[in-house]
Amino acid sequence: MTEPLLAIEGLTKSYPGVVANSDVTFEIGKGEVHALLGENGAGKSTLVKAIYGLIRPDAGHMLWRGQPYAPAAPQQARAAGVAMVFQHFSLFEALDVAENVALGMDNPPPIRTLAARIREVSNAYGLPLDPGRLVGDLSAGERQRVEITRCLLQDPHLLIMDEPTSVLTPQEVEILFRTLRQLRSEGRSILYISHKLEEIRALCENATVLRLGKVVGRCDPREKSARALAEMMVGTKLHQPERAAHKPGQVLLEVKALDLRAPSAFGTSLKEVSLQVQAGEILGIGGVAGNGQDELLGALSGELRTRPGAVSFKGATVGHFGPTARRALGLLCAPEERLGHAAAPDMSLTENALLTGAWREKLVKNGFINARRARAFAESIIKRFDVRTPGPHVAARALSGGNLQKFVIGREIMQRPEVLVVNQPTWGVDASAAAAIRQALMDLAQGGAAVVVISQDLDEILEVADTFAALNGGRLSAKRPVQGLTMEAIGLLLGGAEGDSDAAA
Amino acid sequence: MLRLEKRPQPSKFWNWATPVLAVVLTMIAGGLLFMALGKDPFAAIKMIFWDPLFSPQFAAYSRPQLLVKAGPLILIAVGLAVGFRAGIWNIGAEGQYIIGALCGAAVALWFWPAPGWYIFPLMVLAGAFGGWAWAMIPAILKTRFNTNEILVSLLLVYVAEKILAAMSVGRMRNPDGAGFPGSRNISQYPAASNQELIANTGMHWGVVAAFIAVIFTYIMLHRHILGFQVQLAGQAPRAARFAGVAPARLIVLCLGFSGAMAGLAGMFEVSGPARMISIDFNSYYGFTAIIVAFLGRLHPVGIVLAGLLMALTYIGGELAQFMLGLPSAAIQVFQGMLLFFLLAVDVLSNYRIRLSVREAV
Amino acid sequence: MDFSSINPVVLMAALMVAATPILLAAIGELVVEKAGVLNLGVEGMMITGAVVGFAVAVTTRNPYLGMLAAMGGGAAMSLVFGILTQLLKANQVASGLALTLFGLGFSALVGQGYVGISPPRTAKLNFGFLSDLPVIGPILFRHDPMVYASIAIVAGVWYWLNYTRGGRILRAVGENHDAAHALGYRVLRVRMLAIMFGGACAGMGGAYLSLIRVPQWTEGMTAGAGWIALALVVFASWRPWRALLGAYLFGGIVVLQLNLQAAGFRIPVEYLAMSPYLITILVLVIMSSGRARKSLAAPGSLTKPFHAAG
């Protein structure tokens, strides 16, 4: 065997209270697509940050082509030939594509020369880009192209990709994979980080599995089943959420021809969105990030007011109601962003319980807060949803993502909603918490509530939803039953094609 | 190497210890400053912080002054604290103070020299209304046009100062005053004067109002849902909107409340300690109250303590000016430093300072 | 009332002088805000510059040394702000206010001995035949060097922000500090430098007031100029040339107002004197409302504190 491109030996990094990486050892060969597999919080991000020079490991060392490698800053990593595509893009919305690319390079040519190079390289790899456009106006898929092009212009030997497909439609994923295979054929190595097992099986020839910061397994993913990989990753047998088939009931939530101007400059306006959800139904709304998910949630929660008739709850128009009035009726929501939107980071869990539960749970009387009741409500959420925390006095920001998400979803479910709308209910949450949250949503629907799950994770939608609709550019497709829906059909819907006729689009 | 490490949650201990630490640091730095000015630092610090209260020579005069000075500071700071908690920055309290005083004085001068029990209450209403109305300008501009309330409220201070100047040489000038600028002496007009309630304590209606405001604000902030919403809006504006807090309502409420408090303070001042409207009637209480609000950790009880301390620096400063020839600006510097140190040591409540020893690489 | 005493040429010439202090302060603050930091202490830095510049100029009999010292004084004040907000993560609004309150006191303390003194004169430049041109000559070509320096700074900032790598990095830091950090840029260092540049500019603006425009030292002489400079940055939508335009428009208002006062216009002096503040508010309202808002390219990370994990 030839010398590996990058060898990592005994790498350890700890943060106060957590060991993010413990004695991690693995190798990446030249021209190899190597998967780094693990749940959220398994330590993948910390590891790649060390490789990219963003953090310094506490112990262990790395070898780059046999030579000691310890980048103190990303510039050094880039100089060695390491490039990285970030999960949350490292892009600047108010700057144009060429400027963004230039910022990611250490010795960029003059902007005009660079613009020509961007066109050339992005076309050569099948990711065409217009260098003069503002990044803020680009779709998520296009933004990723900017990141990848930025990396490719530096002729990297190792390309790190952190969860690259989480923002892509299935068709865009295909394009990306074609590009990655082309890169491999040129002899470049790719470190591919994901928790999506099918992708890894389709793309990678080697996988290192991380769990709680430790390497727990190595394999050739093409020889393993997705289930076996998942069990390596999670460490236990996965509990599959279960539920009975849904029996349609009364229409609880109806949206009719909802038009909504985006409140922010780079937001997405909603255009003629219509939907109906019945009692006992879970409607899954799929779509790539930035296609109007936040705006749709805002319009349903009452944070963004609409024309009265645009939203109705059990036949009564509520579009002009604010969040408090809608909650009083039984229309509850849980937004995507946990810290700062669904919960106040510096406030205690008791106060965060008060945040949406104040009136429905009678935590407030004549405007005065009943501290004991609020505390008891927070405690009951913690207990029923198995939120791991010392107690309700703890600040929300001290909780892990999964635990806070359980608290946030639990807070709404405990208020016995008749309609519950959730956006990205399991984003950045570990598998067991995700399973618990999905199960709770299904139980809620089973109990006769209507549930809307807005999610960018198609697997999640296929798992929990009865019906599916796609959000694209602020428009919502007609809903169809999930049963019998193929990934390909979903991909076309997400791409904005309504019927099967224009499959070429 | 020193490194900051964010605490999982803010430290309760440091939250209250930082103001004390800031005061101590300011005393040290202030002492150095006084030394640089050629004064004995220990004598100066003692004169500022100790003598006004306990020196047999000065205490009889100084002690009542404590409440006289602390009253308006506390009244204004309590109003400001509510807004600051919500992330609404009314820094134009000085202007609202002036307008409140003008409105209160206008009522008094209108009725002069008629007797009537209703005159003083009317002045109170007018003062509160004046401050409220002046604060409504930034509030409405903010809610209607999204105009920055910091800049507007501050710029309006200069406008209010010009109005004050125009009034004291114009419409409000004392017709019997031989042409000198300044209005009639309101504190000598029985129906309108804000008298000392208990002799030799400095207690006047403004102090009473300040303590009512403190209690009211305490209940509002710590027991009522409104206080929760204020806090939420300040810490996480998006979460506040999600919780059903209407930002516009909150802006109008917070600016209006702080404006009314500042207006009241101005009105009590003009009818009492300041005696009349004059060009230099205002004395930067509106700005010093910002320091008081922060020093009191935006907490009503803390503000009472901070207000008393700041009043002490005013009185002690005057004393030191008189006895030691310490320039009056030195006290202003001292107060400014206090805010600096407070902001600096505040880092301790949210971060841990770690001494990280880097192993040999 | 006598309007004939208002000479449009003199008025236009005075406009540039009246605009220069706030232009200097505004262009500095513009760079600070482009880096994602809001320093509300402009007033405090200006007045510090005014007194430090004055004191040094009087002592050395050299106005340019005074200007340099003022830049140093402003930068030193801004360094305090930088340490508070960047290293100690203090609230930017409160720290800016602290700077202003401290600066007012500090300047009064330092300036005690300088009240009523005249500073050394700053010579006006002579551009030969250009200065002799009728109308245009007195308006454009007979000013002190600082007027031209301020325009040069605006041009320099404009070029630097838009066409150099350093400017691009600064804008990137102001737009999204997390992304800039991920790419390996030193967010805090960039911001500290920007803050100090802003301080130096504000200090220079203050010294221009005390050394050239007034020229004298009086307590509290900036009288809100720093706040108006802050408003000017909003008016300019964070674009350098628009800051210049705004400053000159504003200078025009100030000068006209002063001329009306001198001409004995029938409105009381105090009401004329409040017009610059009222007009500033009006401009803020127009700039921040409705359609104009979209073009307001406020930097994405403005006022957000940055703390790198790890």
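## Contacts, fold and one helix in a predicted model

In this predicted model, 40 residues of chain B are in contact with 40 residues of chain C. On the chain B side, the elements that give two or more residues are β1 (2-6), α6 (119-145), α7 (149-169), α12 (285-295), α14 (328-345) and α15 (347-350) of chain B. Among these, α14(B) gives the most, with 11 residues. The table sorts the side of chain B that touches chain C by residue class.

| Class | Residues on the side of chain B that touches chain C |
|---|---|
| Nonpolar | 29 residues |
| Polar | eight residues |
| Charged | three residues |

Chain A comes next. There are 16 helices and 23 strands in chain A. The radius of gyration of chain A is 24 Å, and the globule rule gives 23 Å for 505 residues; the two values are close, so chain A is as compact as a globular protein of that length. The C-alpha trace of chain A spans about 70 × 50 × 40 Å along its principal axes. Of the 505 residues in chain A, 51% count as buried. Among contacts in chain A with a separation of 6 or more, 67% come from residues 24 or more positions apart.

One part of chain A is an open sheet of four strands, in the order β2-β1-β4-β5 (chain A), with antiparallel pairing. β2 (18-28) and β5 (67-69) of chain A stand at the edges and have a single partner strand each, so one side of each is left without a neighbour in the sheet. On average, neighbouring strands of this sheet are turned by 30° against each other, direction ignored. Strand β1 (residues 6-15) of chain A pairs with β2(A) in the antiparallel sense, over seven bridges. Within these two strands, Leu6(A) stands opposite Ile28(A) in β2(A).

Back in chain B, helix α8 (residues 205-223) has 19 residues. At 1.5 Å a residue this helix of chain B should span 27 Å, and its end C-alpha atoms are 26 Å apart, which agrees. Which residues of α8(B) are buried? They are Trp205(B), Gly206(B), Val207(B), Ala209(B), Ala210(B), Ala213(B), Val214(B), Thr217(B) and Leu221(B). An α-helix has 3.6 residues a turn, so residues three or four places apart point the same way. The buried residues of α8(B) pack against four helices of chain B: α4 (59-85), α9 (225-235), α11 (247-270) and α13 (300-324).

Terms used: Residues are numbered from 1 along each chain as its sequence is written. Chains are lettered from A and ligands numbered from 1 in the order in which they are written. This is a predicted model: local features need pLDDT of at least 70, side-chain atom pairs count only at pLDDT 80 or more; totals for chains, interfaces and linings use all residues. Two residues are in contact if their C-beta atoms, placed from the backbone, lie within 7 Å. Ala, Val, Leu, Ile, Met, Phe, Trp, Tyr, Cys and Pro count as nonpolar, Asp, Glu, Lys and Arg as charged, and the others, Gly among them, as polar. The radius of gyration is taken over C-alpha atoms; the globule rule is 2.2 Å times the number of residues to the power 0.38. A residue is buried if 20 or more other C-beta atoms lie within 10 Å of its own, exposed if 12 or fewer, and partly exposed in between; C-beta atoms are placed from the backbone. Two strands pair if DSSP finds at least two bridges between them. Axes are lines fitted to C-alpha atoms, for helices over the stretch in contact, and angles run from 0 to 180 degrees between N-to-C directions. The expected span of a helix is 1.5 Å times one less than its number of residues.
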